[in-house]
Amino acid sequence: MPTDLDHIKLSDRPLVVCDVDDVVLEFATPFEAFLLERGYRLLPRSFKLTGNIVDAADNALDAAAVKDLIHDFFIEQESRQTPFAEAIDSLHALADTADLVFLTAMPPRHAAVRRRLLDRLTLSYPMISSEEPKGPFVAALHGGRPLPVAFIDDMLANLRSVGDHVPNCALVYLPPDVAIFRFAPDPEPHVLRAQDWVEARGLIETHFRS
């Protein structure tokens with residue numbers, strides 16, 4: 001099962017847990033193109049999708065309709081989502097000295113397609129797919145080991161959840177350069193903000209050496 005942790009066996013090394021959508025794989029940009037093909041638009045007026053996706057008459061779609069569109073997009077993710085610059089090389093470099101696990105916030109029914117896409121990109125690291133809060137997952141994975149741990153995400157709520165459950169975890173905020181993220185709240189002072197994957201890798205490597 002995509003939410004089963006039993007298939008993940010960690011070694012005696014640091015741990016990196018990494019989100020996927022809009023961190024490793026572009027989501028917002030290809031999703032906007034997907035919407036346009038179906039006669040919808042994303043009007044970034046606040047930091048959310050519901051209420052900001054409109055039809056040709058500028059009527060906002062309700063939550064159920066937005067959820068259906070995201071479901072259809074994930075069905076097609078293999079032909080639409082591509083990695084951010086330096087993401088693959090940076091992840092491989094981190095995995096040279098640490099265990100790497102993907103924790104992707106998506107319905108588990110799409111996990112097989114996501115797994116296939118990551119494998120095709122040479123990112124064959126263990127993956128958990130869940131829409132539940134991320135803190136308990138990272139806590140269960142790390143298990144209080146006396147080893148460094150880092151978590152990378154583009155959503156501050158996920159970073160806060162992990163920070164609440166995993167003390168001393170390096171929390172790396174890696175938001176994409178897209179319009180809707182202009183409305184995102186500012187990260188808390190202890191959160192490490194990275195502009196790109198090269199900087200994110202450097203922040204994690206520094207944390208592991210400290």
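Start by selecting helix H4, residues 87-95, and colour its buried residues: Ala 87, Ser 90, Leu 91, Ala 93, Leu 94 and Ala 95. As you look around, keep in mind that this is a predicted model. Now show what lies over those side chains. The cover on the buried residues of H4 includes strand S1 (15-18), strand S4 and helix H8 (197-209). A general point may help when you look down the axis of any α-helix: with 3.6 residues a turn, residues three or four places apart point the same way.

**Stop two: a ring pair on S4**

Stay with strand S4, which spans residues 99-104 and holds Phe 102. Select Phe 102 together with Tyr 125, and you have an aromatic pair. Their ring centres are 6.1 Å apart and the planes make an angle of 65°, an edge-to-face arrangement. Tyr 125 sits in the loop between helix H5 (111-120) and strand S5 (127-129), so this pair ties together parts of the chain that are 23 residues apart in sequence. Are the two partners buried or exposed? Phe 102 is buried, at a relative accessible area of 0%. Tyr 125 has 17% relative accessibility and counts as buried too, because the cut-off is under 20%.

**Stop three: the phenylalanine cluster**

Next, pick Phe 27, Phe 31, Phe 34, Phe 73 and Phe 74, which together form one aromatic cluster. Across the whole structure, a search turns up 9 aromatic pairs. For one of them, zoom in on Phe 34 and Phe 73: the ring centres are 5.5 Å apart with the planes at 80°, so this pair is edge-to-face. Trace the backbone from one ring to the other and you will see that the pair links distant parts of the chain. Phe 34 belongs to helix H1 (residues 28-37) and Phe 73 to helix H2 (residues 63-75), with their positions 39 residues apart in sequence. Switch on a surface and check both rings: Phe 34 is buried at 0% relative accessible area, and Phe 73 is likewise buried at 0%.

**Stop four: the largest pocket**

Keep Phe 27 selected, and add Leu 49, Ile 70, Ala 105 and Met 155. These five lie nearest the centre of the largest pocket, which has 32 lining residues. The space in this pocket is about 810 Å³. Which elements give two or more residues to its lining? They are H1 and H2, and H2 supplies the largest share, with 5 residues. If you colour the lining by class, expect 16 nonpolar, 5 polar and 11 charged residues.

**Stop five: from Met 155 to Ala 184**

Using Met 155 as an anchor, measure across to Ala 184. The C-alpha atoms are 8.6 Å apart in space, while the two residues are 29 apart in sequence. Ala 184 is in the loop between strand S7 (170-173) and strand S8 (192-193). Its relative accessible area is 15%, and Ala 184 is buried. Leaving aside residues up to four places away in sequence, Ala 184 touches Phe 47 and Tyr 173.

**Stop six: a cavity and a second pocket**

How many cavities of 30 Å³ or more does the structure hold? There is 1, and the largest cavity contains about 40 Å³ of space. To find the largest cavity, select its lining: Leu 156, Leu 159, Arg 160, Asp 186, Pro 187, Glu 188, His 190 and Val 191. That lining divides into 4 nonpolar, 1 polar and 3 charged residues.

Then move to Pro 175, Pro 176, Asp 177, Ala 194 and Gln 195, which lie nearest the centre of the second largest pocket. This pocket has about 290 Å³ of space and a lining of 16 residues. By class, they are 10 nonpolar, 1 polar and 5 charged.

**Last stop: two cysteines**

Finally, select Cys 18 and Cys 169. The structure holds 0 disulfides. Why is there no bond between Cys 169 and Cys 18? The sulfur of Cys 169 has its closest cysteine sulfur in Cys 18, and at 12 Å that is too far for a bond. Add the surface once more: Cys 18 counts as buried at 0% relative accessibility, and Cys 169 is buried with a relative accessible area of 11%.

Key: Residues numbered from 1 in each chain as written. Predicted model: local features only at pLDDT ≥ 70, side-chain atom pairs only at ≥ 80, totals over all residues. Heavy atoms only, no water. Phe/Tyr/Trp six-rings, centres within 6.5 Å; stacked < 30°, edge-to-face > 60°. Helix = DSSP H or I, 4+ residues; strand = E, 2+ residues; numbered from the N terminus. Buried < 20%, exposed > 50% of the residue type's maximum accessible area, 1.4 Å probe, protein only. Contact = heavy atoms within 4.5 Å. 1 Å grid on protein atoms, 1.4 Å probe; cavity = no way out; pocket = protein on both sides within 12 Å on 5 of 7 lines; lining within 4 Å. Points joined across faces, edges and corners; volume = space filled by probe spheres on them. Nonpolar A, V, L, I, M, F, W, Y, C, P; charged D, E, K, R; others polar. Disulfide = S-S within 2.5 Å.
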